[in-house]
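These are my notebook entries on a predicted model. I looked up one helix, the enclosed cavities and a few individual residues.

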Amino acid sequence: MELRKDPITRSWVITGDDPTGPRVESVCRFCPDAASAPQVIATMPNTGGVPWSARALVHPTPLYHIEGEPGRRGDGLYDRMHSVGAHEVLVENSRHDHHLWNASEAEIEWFFRMAAERIFDLKRDPRIKYVSLFKDYGGSAGQEFSHPTSQITATMFVPRRVLYELRAGREYFLTKERCVFCDIINQEERQALRVIESRGDYIALCPYAPRVPYEAWILPRNHDAAFERTALVRQGQLADLAAILRRTLQRVRTFTEEFHLVLHTSPSSQHPSKTLGYWKTIDDDYHWHIEILPVLGSKARSYTFKEVYYSPVSSETAVKQLREAKIDG
């Protein structure tokens, strides 16, 4: 596997001939009583009588490998490099049936702490520019394992979607000296048209221009560019984050069980760009958040040519239906 850069979109794509094929699970490798498990990187202490509450492990078939150097090189007008980085599985719970929408708030808190510690640790590697945390649930969403898991990838490039946010955030800040995400939160709370729920320092809302039906974001009201900093410094607020994530996923799952969940946090500060200037004001102009993109089989036409997204359900309608959804509480 190697990384190749699209010269038009400037996106890095990992490609190659994967010899592994589909993964068949006969026995769960992530349960506490598994005979053999992937290499354990870190473990959160036990809670509620279980052997551990959350774990980070090396992915069984990683796309990125920590060993080596990127070896970035030109190939005519193209760029390519080795897939150096890290690829980990975050086991959200030792219980096979406790997912982020039916686990206790304490269990979800431990998962957040594990995620924050892994992001913080990986960002210390001078080769790493960005650390992504994501969860794919459901066959159409690309789910890999039956056990409740998320994944982390550490890469030597910043994903294109995050680059768009960095550029927009910086341009907005240079014009208004305010964070665009903070302004969005203030306007959404004032208008009360697209807010799903507020809890403590956190707010769940449907974005003004959704890419897919029932797209939902979770953001902290208190400005911070880095999720890991919030999670490790303000641990007392993690209970509210755990609760609002659990409740939002319950609402989404009344419409579809399948979804993508992605954490957007700031890039590594060890790589300030001399030309792009993103990192000069990043603590002021960027705002970490969680994006949930449901996968609706009946509405597969989620985008059209040139990545102009199509959502047949408006944010205002989605919020009304999500608020009225019956959840466990």
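**Entry 1: Helix α1**

I began with α1, which has 19 residues and reaches 27 Å from its first C-alpha to its last, close to the 27 Å expected at 1.5 Å a residue. I then looked up its cover and found α1 mostly covered, with 14 of its 19 residues buried.

Within helix α1 I selected E105. I recorded E105 as partly exposed because its relative accessible area is 27%, and buried would require under 20%. Leaving out residues up to four places away in sequence, I listed R199, A239, A242, A243 and R246 as the residues that E105 touches. I also looked up the pair E105 and L245: their C-alpha atoms are separated by 9.5 Å, although the two residues lie 140 residues apart along the chain.

**Entry 2: The chain as a whole**

I next turned to the totals. The protein chain contains seven helices and 16 strands. Of its 329 residues, 51% count as buried. The accessible surface of the chain comes to about 15800 Å², and carbon and sulfur atoms account for 50% of that surface. I also looked up the contacts between residues at least 6 apart in sequence; 71% of these join residues at least 24 apart.

**Entry 3: The largest cavity**

How many cavities of 30 Å³ or more are there? I counted two cavities. The largest cavity has a volume of about 80 Å³. Its lining consists of 15 residues, and I noted D136, Q143, E144, F145 and T149 as those that lie nearest its centre. The elements that give two or more residues to this lining are β8 (130-137) and β9 (149-155). The largest share, four residues, comes from β8. By type, I recorded four nonpolar, eight polar and three charged residues in the lining of the largest cavity.

**Entry 4: T149**

I followed T149 further, since this residue is among those nearest the centre of the largest cavity. T149 lies in strand β9. Is T149 buried or exposed? I entered T149 as buried because its relative accessible area is 9%, and the cut-off is under 20%. Setting aside neighbours within four places in sequence, I found T149 in contact with F30, V89, L90, V91, E92 and K135.

**Entry 5: The second largest cavity**

The second largest cavity holds about 70 Å³ of space. I listed its lining residues as L100, F111, F112, L133, K135, S150, F227, L245, L261, L263 and I290. K135, in this lining, had already appeared in my notes as a contact of T149. Similarly, L245 belongs to this lining and is the residue I had paired with E105. Which elements each supply at least two residues of the lining? I found α1 (105-123), β8 and β13 (259-264). By type, the lining of the second largest cavity divides into nine nonpolar residues, one polar and one charged.

**Entry 6: R161**

My last entry concerns R161, which has its place in helix α2 (residues 160-176). I noted R161 as partly exposed because its relative accessibility is 32%, between the 20% and 50% cut-offs. Not counting residues up to four places away in sequence, R161 touches R211, W217, H264 and E291. I also looked up R161 and S11, which are 150 residues apart along the chain; their C-alpha atoms are separated by 9.3 Å.

Methods: Residues numbered from 1 in each chain as written. Predicted model: local features only at pLDDT ≥ 70, side-chain atom pairs only at ≥ 80, totals over all residues. Heavy atoms only, no water. 1 Å grid on protein atoms, 1.4 Å probe; cavity = no way out; pocket = protein on both sides within 12 Å on 5 of 7 lines; lining within 4 Å. Points joined across faces, edges and corners; volume = space filled by probe spheres on them. Nonpolar A, V, L, I, M, F, W, Y, C, P; charged D, E, K, R; others polar. Expected span 1.5 Å × (residues − 1). Buried < 20%, exposed > 50% of the residue type's maximum accessible area, 1.4 Å probe, protein only. Contact = heavy atoms within 4.5 Å. Areas by Shrake-Rupley, 256 points an atom, 1.4 Å probe, with all protein chains shown as cover.
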